[in-house]
Amino acid sequence: MGIKVDSQTSPEHSWPLLSPKNSLIALLFVIMAFFFMLDLALGSVKIPLGNIIDIVFGKGSENEAWEKIVTYIRIPKALTAVIAGAALSASGLQMQTLFRNPLAGPSVLGISAGASLGVAMVMLASGAAANAFAIRQLGLGGSWLIVVASTLGAAFVLLIVLGIAVRIKDNIVLLIVGIMVGNITISIISIWQYFSEPEQIQDYLIWTFGSLGGVLGSQLYVLAIVVGIGLMISFAASKSLNVMLLGENYARSLGMSTLYVRITVIAATSLLAGSVTGFCGPIGFIGIAVPHLTRSILNTSDHRFLMPSSCLVGAILMLVCDIIAQMPGSQTTLPINAVTALIGSPVVIWVIMKNRNLKSSFA
């Protein structure tokens, strides 16, 4: 899809400033800011929105307890929701384009399972000293340990899938292979759990429920840096992904190295999905649902618009899921992974019912 370039804009500006799509992206940003503030205001302790705004902009609050709750608990959790939503959505969009398959995503192709295997190797195979509590006490070093383990696990599984993809050109067969590799990974984790101590299994099971509230202090900085690097790589690959939509043969005829694009997408997806899984646990459905929802909103396949829009829609959806998970007015917090499945599955069904020919988005 071609994009008009306004002659009045500077040469380095490739996007028109007042196009409908840019206005829609700006609107999505405003909606994300609204749900961010709403996420800070709702919870077991109700805090007026005016006080939330004062605390966020550094004016403080007369109620010190409210200020501590917002500063040390709710802001890190809401930021984690934004980062995780953007990362999973961007990785899902890249996977769907790379495999030209609407069902592709970090979870379906076993990337999240691979990340879980990496974390399981740290939590289950290293003895009681490496359980979840001990890892949190390690602070920054523990954060890097989890990130490296989950990213290596995710990259390992994805490399297996892509290695098979070199020999098998059929995307449906490749998708089935990816699901089977994911099942093998889950099976290995199950066997590991069977022979592990009950305390270790409990820690690992709690981790698999998913949580946005466990990323605090230095861990949030680590997550933001890793996801930031992954998103920069993803944004840089937007034009190449547009060409990949036309087919690998066409891309090669234009002189583009499809192998380089694959490696770039693998690196970005491993960083994004692996780091989020490592810090927050496996979070499903966001990666597969948000790209479809964003395409339906924007009605375009141009990744220069889809990539930032998917990040914003993913952040909005994750904030909504976090608000629901907190069950406003109650002391109970639901596992975030259960809520994303409840929200994500109807979204996918709605998109399929609305756009019955999903393959047209990858033609």
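Is Asn299 buried or exposed? At 68% relative accessibility, Asn299 counts as exposed, and the legends below return to this residue after a look at the whole protein.

This is a predicted model, in which local features need pLDDT of at least 70 and side-chain atom pairs count only at pLDDT 80 or more, while totals for chains, interfaces and linings use all residues. Residues are numbered from 1 along each chain as its sequence is written, and side-chain values use heavy atoms, with hydrogens and water left out.

**View 1. The whole protein, with 15 helices and zero strands.** Helices (H or I, at least four residues) and strands (E, at least two) are DSSP runs, numbered from the N terminus. The protein has 363 residues, and 53% of them count as buried. Buried means under 20% relative accessible area, exposed means over 50%, and partly exposed lies in between (1.4 Å probe, protein chains only). About 17,100 Å² of the protein is exposed, with 69% of that supplied by carbon and sulfur atoms; accessible areas come from the Shrake-Rupley method with a 1.4 Å probe, and for residues only the protein chains shown count as cover. Take the contacts in the protein with a separation of 6 or more: residues 24 or more positions apart account for 77% of them. Contact here means heavy atoms within 4.5 Å.

**View 2. Helix H2 meets helix H3.** Two packed helices are described by the angle between their axes and the distance between the axes. Axes are lines fitted to C-alpha atoms, for helices over the stretch in contact, and angles run from 0 to 180 degrees between N-to-C directions. For H2 (residues 49-56) and H3 (residues 64-99), the axes come within 10 Å and cross at roughly 70 degrees. That makes H2 roughly perpendicular to H3; angles of 65 to 115 degrees count as roughly perpendicular, those under 35 as roughly parallel, those over 145 as roughly antiparallel and the rest as oblique. The crossing is right-handed, a term for a near helix turned clockwise from the far one by less than a right angle, with anticlockwise giving left-handed. Look for Asn51, Ile52, Ile55 and Val56 on H2, which touch a group on H3 made up of Trp66, Glu67, Val70, Thr71 and Ile75. By class, this contact has six nonpolar, two polar and one charged residues. Ala, Val, Leu, Ile, Met, Phe, Trp, Tyr, Cys and Pro count as nonpolar, Asp, Glu, Lys and Arg as charged, and the others, Gly among them, as polar.

**View 3. H3 packs against helix H12.** Here H3 appears again, now with H12 (residues 258-280): their axes are 9 Å apart, at an angle of about 145 degrees. The crossing of H3 and H12 is left-handed. On the H3 side, the residues in contact include Thr80, Ala84, Ala87 and Leu88. Their partners in H12 include Arg262, Val265, Ala268 and Thr269. The contact of H3 with H12 has 12 nonpolar, four polar and one charged residues.

**View 4. Helices H4 and H8 run roughly antiparallel to each other.** The axes of H4 (residues 111-123) and H8 (residues 198-208) come within 10 Å and cross at roughly 150 degrees. H4 passes H8 in a right-handed crossing. Ser116, Val119, Ala120 and Met123 of H4 make the contact with Gln200, Tyr204 and Trp207 of H8. Sorted by class, this contact has five nonpolar, two polar and no charged residues.

**View 5. Two residues with positive phi, Phe285 and Asn299.** Most residues other than glycine have a negative phi. Phe285, in the loop between H12 and helix H13 (286-298), has a phi near 75 degrees. Phe285 is partly exposed, with a relative accessible area of 34%. Asn299 sits in the loop between H13 and helix H14 (303-325), and its phi is near 55 degrees.

**View 6. Thr300 in the loop between H13 and H14.** With a relative accessible area of 6%, Thr300 is buried. Thr300 and Lys21 are 279 residues apart in sequence, and their C-alpha atoms are 9.4 Å apart in space.

**View 7. Asn242 in helix H10 (residues 238-244).** Asn242 is buried, at a relative accessible area of 19%. Leaving aside its neighbours within four places in sequence, Asn242 is in contact with Ser301, Asp302, His303 and Arg304.
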